[in-house]
Amino acid sequence: MIGRVREYNASHGTSIKYCDTEWLAYNTETKRDAFNMTIGGEATASFSFSKWFYALNLLKNFMGFQRMGDEMLFVNVNNLANTHSQCVMDTPKEGAYLTAAGKAMEYISRSPAARILKIKDYDPPMKEDFQVQAAWDLERRRLVLYVCNRTEGRRSAVFDLNLLGRTFNSSSQTRLLADSPLAMNTLDNQDAIKVTHATGKARIKKGLCRIEVPAWSFTELVLE
């Protein structure tokens with residue numbers, strides 16, 4: 001879609017931005033992946049949309065939108081609290097709770113990342129299941145590092161911070177994870193999608209910051 005907008009702007013002398021008024025965080029290539037199971041031989045949206053695997057894809061899509069910069073004006077997730085499972089807040093008559101996607105959107109709404117940095121020789125496609133990202137906060141005071149691991153194994157990422165010319169002393173980490181890609185929040189278990197927080201000294205050696213992450217996780221490290 002971004003390519004189509006670029007072509008239109010180039011041929012018409014316009015500066016139209018891309019927006020998505022009903023964003024579903026599908027796998028960007030197939031729209032269905034190995035964990036979108038079927039019932040009676042037919043893929044069911046309510047099954048896939050409720051799972052952590054889908055929420056991780058939401059976070060991965062979000063990182064891709066960030067990299068588009070000014071060409072992406074806004075996206076609206078579909079939806080807040082309307083369709084069962086296809087929402088960030090499920091509302092059965094017994095109560096209300098955040099879905100897996102809701103936990104992801106809760107994180108996004110609180111992340112300080114505001115000014116995305118270009119990482120040299122790194123431009124992953126949105127379909128990539130292991131991705132990293134770096135950004136300044138609005139005041140360019142804190143550095144925000146993302147590591148999205150939508151795979152079944154532990155992974156690590158190394159950020160070379162030498163060219164930033166900055167010294168960081170403290171760190172604050174937020175991590176979203178679950179025991180399985182098929183984990184989902186329910187009214188009886190609203191914390192199947194876990195969120196952990198940790199603070200401490202910035203662990204940077206010779207300008208390199210290494211982040212180790214578990215399977216099926218999204219990690220944010222804020223350096224200050």
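**Group meeting talk: strands, salt bridges and a helix pair**

Let me begin with one residue, Ala134, which is buried, its relative accessible area being 8%. Before going further I should say that this is a predicted model, so please hear every value in that light. Ala134 belongs to strand β8, which covers residues 130-136. Leaving aside residues up to four places away in sequence, the residues that Ala134 touches are Ile116, Leu117, Ile119, Val144 and Leu145. For those of you who like to check a distance, the C-alpha atoms of Ala134 and Pro112 lie 11 Å apart, with 22 residues of separation along the chain.

From there I move to a sheet. Three strands form an open sheet in the order β10-β14-β13, and the pairing is antiparallel. Its edge strands are β10 and β13, each of which pairs on one side only. Taking the two pairings in turn, β10, which spans residues 155-160, is joined to β14 in the antiparallel sense over six bridges, and within that pairing Val158 has Arg210 of β14 as its bridge partner. On the other side, β13, made of residues 204-205, runs antiparallel to β14 and is joined to β14 by two bridges, with Lys205 standing opposite Leu208. The hairpin of β13 and β14 has two residues between the strands, and in that hairpin Lys206 adopts a positive phi near 55 degrees.

Which side chains of β14 point to the buried face, and which to the other? Along this strand, residues 208-213, the side chains alternate, so to speak, in two sets: Cys209, Ile211 and Val213 point to one face and are buried, whereas Leu208, Arg210 and Glu212 point to the other face and are not buried. Two members of that second set also meet each other, since the side chains of Arg210 and Glu212 form a salt bridge with an N to O distance of 3.9 Å. Arg210 is exposed, at a relative accessible area of 51%, while Glu212, at 40%, counts as partly exposed. Because exposed means over 50%, Arg210 with its 51% falls in the exposed class.

That brings me to the salt bridges, and how many does the structure hold? The number is nine, and I will pick out some of them. Arg6 and Glu71 form a salt bridge in which the closest N and O atoms are 2.7 Å apart. Since Arg6 sits in helix α1, residues 2-12, and Glu71 sits in the loop between α3 (52-67) and β4 (72-77), this pair ties together parts that are 65 residues apart in sequence. Both partners are partly exposed, Arg6 at 48% relative accessibility and Glu71 at 29%.

A further salt bridge is formed by Lys194 and Asp179, where the closest N and O atoms are 3.2 Å apart. This pair, too, links distant parts of the chain, with Lys194 in strand β12 (residues 194-201) and Asp179 in the loop between β11 (170-177) and β12, 15 residues apart. Lys194 is partly exposed, with a relative accessible area of 33%, whereas Asp179 is exposed, at 70%. Finally on this topic, Lys60, Asp129 and Arg150 are linked to one another in a network of salt bridges.

My last topic is a pair of helices. Two packed helices are described by the angle between their axes and the distance between the axes. For α3 and α4, the latter being residues 100-110, the angle is about 30 degrees and the axes are 7 Å apart. That angle makes α3 roughly parallel to α4, the cut-off for that description being angles under 35 degrees. The crossing in which α3 passes α4 is right-handed. On the α3 side the contact is made by Trp52, Tyr54, Ala55, Leu58, Leu59 and Phe62, and on the α4 side by Ala100, Ala101, Ala104, Met105, Tyr107 and Ile108.

Which residues of α4 are buried? They are Ala100, Ala101, Gly102, Lys103, Ala104, Tyr107 and Ile108. What do the buried residues of α4 pack against? Their partners are α3, β6 (97-98), β9 (143-149), β11, β12 and β15 (217-223). Two of those elements have already come up in this talk with the salt bridge of Lys194, which lies in β12, and Asp179, which lies in the loop between β11 and β12.

Methods: Residues numbered from 1 in each chain as written. Predicted model: local features only at pLDDT ≥ 70, side-chain atom pairs only at ≥ 80, totals over all residues. Heavy atoms only, no water. Helix = DSSP H or I, 4+ residues; strand = E, 2+ residues; numbered from the N terminus. Buried < 20%, exposed > 50% of the residue type's maximum accessible area, 1.4 Å probe, protein only. Contact = heavy atoms within 4.5 Å. Pairing = 2+ DSSP bridges. Salt bridge = Lys/Arg side-chain N within 4 Å of Asp/Glu carboxyl O. Axes fitted to C-alpha atoms, helices over the stretch in contact; angles between N-to-C directions. Parallel < 35°, antiparallel > 145°, perpendicular 65-115°, else oblique. Left-handed = near helix turned anticlockwise from the far one by under 90°.
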